[in-house]
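Welcome, and thank you for opening your viewer. Please load the model, get your selection tool ready, and follow along one stop at a time.

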Amino acid sequence: MIKTINSRHTYIFFLTIITLLPISLILGPAISLINVLIISFSFLIMCFFFENYQFLKRREFLLLVALNFYLIFNSFISLDFYSGFARNFGFLRFILLFLLINYFFFRFEKSNKLFNTWLILIVFISIDVFIESIFGRNLVGFGRVEINGVPQPNGTRIVSFFKDEPVAGAFIYGFSFIVLGYLFNRYSKDKKNIVIILFLSLLFFTSVLITGERSNTIKFFIGLMVFFLFFDFLKKKVRIFSILFFIIAVLTVFSQSQYLKMRYITQLTDQFTREDKREIFFKRNIYINLYKSGINVFKNYPIFGVGNKNYRVESCAPKKDPKTYYLCTTHPHQLYIEFLSEHGLFGTIILLSILFFLIFRILGVIIKSKNYIQAGCLIYILTIFIPLLPSGSFFSDFNSTIFWINFSLMYACNKKTNIFQSY
């Protein structure tokens, strides 16, 4: 017989460690890792104490375990076993994160504090981004870095509280759909609240826009359009008006910022419209060269790839064939090319088959249930897989944590899909 959690202290503990997930990402990879590990061990202790093992038979759990076994196998066929060892074996923590979040939502209905805290945090980071864009530094002094008047790498990009990493846009984008879904679930029946929610949507998007993270801005924009057009929390006329107002507001922000014009328009149109620069663009553009390098790695290791986190091992090593073009870097900055170069056709098919099956198998339930937290998580996950656009490394701690938070909530926050619910 399965024992149940009825202790308020246990509820507060679980609520705290889950709520702290985005905050730990801001504090740094070490803090984020510690927080996820605390969650992982907490779930294992909970299972032992309450004798709750019903999840072991769930298809979702078995597929995630199969994915973990593949990653472990990938370590043994990698160019360098130790490069990807921690990443591949450590994937287990995201399975346990998935399980604990599902269990928390299964046992406790009071999750408003979690989402309200995340909402306040995302609003605060968004405002901080605007402050840094205006004054050059954020609330604690992080911002543009210059040495003897010369801007340093990432010096013109917004970093907010991430100090020297230009990932503030990715962070806001990664949690915005969750909190917007929560707001629509709870407050969309009141017209006044709708206006506030639409304003927050605009705030989140423009804050990502002004970070200069072009790929995340495009993904966020596509996601918002899908969110507004295909889900009926707004009447048709209101949706059309909201989108038009949204576009006008964004264009207004553009018109007031020379940096945004340069970042999103001038840098691209100038190189495509001028014939003398077009050829140089295709030869020197960093992303084109990254993609070309990643494809060359895949061509040399087409079946199994070089191994997770081994792209740098291959691309930075002395070339065996001088005709092969490699660009020495940590990863090829495009999800599908990363999969192909590090996992080959064999691993890419396994990864995409498992992930897409788990995502699309509950699509009908999400649409019928009209649970907008689920819808928001689904949209974020699908925009991650948009082809061609640049991306961070899928298996990095930062990106993986945000992805698996969204993936976990997509299942957890609906009784019909929560893996601890029999349906």
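One idea will come up at many stops: a residue is called buried under 20% relative accessible area, exposed over 50%, and partly exposed in between, using a 1.4 Å probe and protein chains only. Now select L388, which counts as exposed because its relative accessibility is 69%.

Before going further, two notes on reading the model. It is a predicted model, where local features need pLDDT of at least 70 and side-chain atom pairs count only at pLDDT 80 or more, while totals for chains, interfaces and linings use all residues. Residues are numbered from 1 along each chain as its sequence is written, and side-chain values use heavy atoms, with hydrogens and water left out.

**The whole protein**

Show everything as a cartoon. The protein has 19 helices and two strands; these are DSSP runs, with helices being H or I of at least four residues and strands E of at least two, numbered from the N terminus. Of its 423 residues, 53% count as buried. How much of the contact in the protein, at a separation of 6 or more, comes from residues 24 or more positions apart? The share is 73%, where contact means heavy atoms within 4.5 Å.

**Two loop residues with positive phi**

Go back to L388 and look at its surroundings: this residue lies in the loop between α18 (372-384) and α19 (397-412). The phi of L388 is near 75 degrees, a positive value in a residue other than glycine. Why point this out? Most residues other than glycine have a negative phi.

Next, select H333, in the loop between α15 and α16. Its phi is also positive, near 60 degrees. H333 has a relative accessible area of 21%, so it is partly exposed.

**The cysteines**

Select C316 and C328 and show their side chains. They form a disulfide, with sulfur atoms 1.9 Å apart; the term is used here for a pair of cysteine sulfur atoms within 2.5 Å. A disulfide is a covalent bond between the sulfur atoms of two cysteines. A search of the whole structure finds one such link. Turn the view along the S-S bond: with 95 degrees about that bond, the link of C316 and C328 is right-handed. Both cysteines sit in the loop between α15 (311-315) and α16, so the pair ties together parts that are twelve residues apart in sequence. C316 is partly exposed, because its relative accessibility is 39%.

Now add C377 and C413. Which of the two labels, buried or exposed, fits C377? At 0% relative accessibility, C377 counts as buried. C413 is buried as well, with a relative accessible area of 17%. The sulfur of C413 has its closest cysteine sulfur in C377, 5.9 Å away, which is too far for a bond.

**Helix α14 against helix α16**

Select residues 286-300, helix α14, and residues 335-360, helix α16. They pack at an angle of about 15 degrees, with their axes 8 Å apart. Here axes are lines fitted to C-alpha atoms, for helices over the stretch in contact, and angles run from 0 to 180 degrees between N-to-C directions. Angles under 35 degrees count as roughly parallel, over 145 as roughly antiparallel, 65 to 115 as roughly perpendicular, and the rest as oblique. The two helices are therefore roughly parallel to each other. To see the contact, show Y291, G294, I295, V297 and F298 of α14 together with I337, L340, S341, G344 and L345 of α16.

**Helix α4 against helix α16**

Keep α16 and add helix α4, residues 59-76. What is the angle between these two axes? They cross at roughly 165 degrees and come within 10 Å, so α4 and α16 are roughly antiparallel to each other. Among the residues of α4 in this contact are L63, L67 and Y70, and those of α16 include F346, I350 and I354.

**Last stop: A170**

Finally, select A170 in helix α8 (residues 168-187). This residue is buried, because its relative accessibility is 11%. Leaving aside neighbours within four places in sequence, A170 is in contact with E213, N216, F398 and I402. Now add S391: A170 and S391 are 221 residues apart in sequence, and 9.8 Å apart in space from C-alpha to C-alpha.
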